[in-house]
Amino acid sequence: MTAFLNRPFSAYLAREVPAPDEELTQVGPGTPCGEYLRRFWQPVACARELGDVPRRIRIMGEDLVVFRDGGRRVGLLQLHCTHRGTSLEYGLISARGIRCCYHGWRFDVDGQILETPGEPPTSTLRHRLCQGAYPTHEFGGLIFGYMGPPDRRPPFPLYDTFELPGFALEPAGKFMLPCNWLQIKDNSMDPVHTSFLHAISSGYQFTEAFGALAELAWKETPFGMIYIATRRVGEHVWVRVCDFMAPNVHQFTREVEAATEEKVASRPVIIRWAVPVDDTHTWNMELAQVDPAWGLTRDEIARPGFGQSDDRPYEERQRHPADFDAQSSQRAIAVHALERLASTDRGVIMLRNIVRDGIRAVAAGRDPKELRREPGPPIATYTQDTVLRIPAEKDAEADRRLLREIGFKVVRGEGRTRSSGDR
Ligand code: FES
Ligand SMILES: [Fe+2]
């Protein structure tokens, strides 16, 4: 922690920028956080990106190639051919596996060598070598990879929001932020920013209801944590709950709630993974629950939400900044030693503690507590918008207490707060 500045005109005394917290932010192979993230399945590409040529990708500092072969199987291989290193992005996808362009070695999706055509027929080389490969799992239009130790591969986790009655799970946005993964996740448990960045400071980017300051609470769950943001909007109380699922997933409701009429738990969600490319670049990859009645095309679903990506002119972003601008401008890697955390940052602190505990568990040879080893029922989550008609207490402090109580009641599923079909 650097010295607190508490005098006017004192920048001269605080020019030093300490190093970021390496334990929480470095993602390369062999780093504590990198090993932690590699214990979980991570989305590495969208199925829509796999065409008739291989796709070069970089995930957590590793260069890889992803492709779908003629048998519709997906391969996730190390980029450089095990023979003499030519990039498999120039490989030829075959009926089974991929063939390196340089000397024709052909690799199956699990890395086994199927052919070394220039070698003598008696050669046993191909039985003694493998190309580096990672297991994949295709789900919801995303390609997931498991990049951890082979003997520690967990089952693919299913969240209850992957299946919601009346909604279709669709691959949605994929967009890059030029910054470290953790500050993107910090944002997911920082609901006060929805009142400022998305309403009061920049103009209403969602609904006007977001401009009402919320009573905030956070709570750990077996798989991560939630925030509960409860707002008074006239005669109504709006409870918005969002989940963070360790290590790098969060889900949230669409930002369409106006809070003008009662509504039982409404939970079409967007589920978002922050997948590091390296320490200073991160892909956000999304699945979204979409009501077919909205009439959205695939392209519309795939478009990043307002202000999420670098798709607006600089001047417009200066006048109406949004998530991309706030998160990526905290430096390429936010420096925790320079932060002055305040009461509304309790969720950020809780999230970092969850991540740090997971990192230290892995470093000590254990599983992070959020990792499921046994296949079970879908993981229960809480994300929802619930709106109740409840007149305000006359006294402002009493009304704030009332809002906090209502928030927790909604999360516990008490009263008229559960939608019948959803959970
Ligand atoms: S470098 Fe790939 S086959 Fe020779
Ligand atoms: Fe935001």
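Let's start with the metal site. Along the chain, the donors of the iron ion (ligand 2) follow the spacing H-x4-H-x124-D. One point before I go on: this is a predicted model.

So which atoms are the protein donors of the iron ion? His193 gives its NE2, and His198 gives its NE2 too. Asp323 appears twice, each time through an OD atom. These donors lie 2.1 to 2.3 Å from the iron ion.

Now the geometry. The angles subtended by the four donor atoms run from 57 to 146 degrees. Tetrahedral would need all angles between 85 and 135 degrees. The arrangement around the iron ion is irregular because of that spread of angles, 57 to 146 degrees. And the two histidines, buried or exposed? Both His193 and His198 are buried.

Next, the packing. The largest nonpolar core has 64 residues. Which of them touch the most other members? Trp273 and Val355 do.

Look at Trp273 for a moment. I am leaving aside its neighbours within four places in sequence. Trp273 then contacts Leu142, Phe144, Phe162, Val249, Trp283, Met285 and Leu287, among others. Its contacts also include Gln42, Pro43, Lys185, Asn248 and Asn284.

Apart from the largest core lies another, of 13 residues. Among them are Ile228, Val239, Leu388 and Val411. Keep Ile228 in mind; we will meet Ile228 again at the cavity.

On to the pockets. The largest pocket has a volume of about 630 Å³. It is lined by 35 residues. Closest to its centre are Phe252, Glu255, Ile270, Arg272 and Gly305. How does the lining of the largest pocket divide? It has 15 nonpolar residues, eleven polar and nine charged.

The second largest pocket comes to about 310 Å³. Here 25 residues form the lining. Nearest the centre of this second pocket lie Pro155, Phe156, Pro157, Leu158 and Ile379. Its lining divides into 20 nonpolar residues, two polar and three charged.

Last, enclosed space. How many cavities of 30 Å³ or more does the structure hold? It holds one. The largest cavity has about 40 Å³ of space. Its lining is Glu215, Leu216, Ala217, Ile228, Thr230, Arg404, Gly407 and Phe408. There is Ile228 again, a member of the 13-residue core and part of this cavity's lining.

To recap the metal site: His193, His198 and Asp323 hold the donors of the iron ion, and their arrangement is irregular.

Technical notes: Residues numbered from 1 in each chain as written. Chains lettered and ligands numbered in written order. Predicted model: local features only at pLDDT ≥ 70, side-chain atom pairs only at ≥ 80, totals over all residues. Heavy atoms only, no water. Core = buried A, V, L, I, M, F, W, Y, C linked by side-chain atoms within 4.5 Å. Buried < 20%, exposed > 50% of the residue type's maximum accessible area, 1.4 Å probe, protein only. Contact = heavy atoms within 4.5 Å. Donors = N, O, S within 2.8 Å, 3.2 Å for Na, K, Ca; no water. Tetrahedral: all angles 85-135°; square planar, octahedral: opposite > 155°, others 65-115°. 1 Å grid on protein atoms, 1.4 Å probe; cavity = no way out; pocket = protein on both sides within 12 Å on 5 of 7 lines; lining within 4 Å. Points joined across faces, edges and corners; volume = space filled by probe spheres on them. Nonpolar A, V, L, I, M, F, W, Y, C, P; charged D, E, K, R; others polar.
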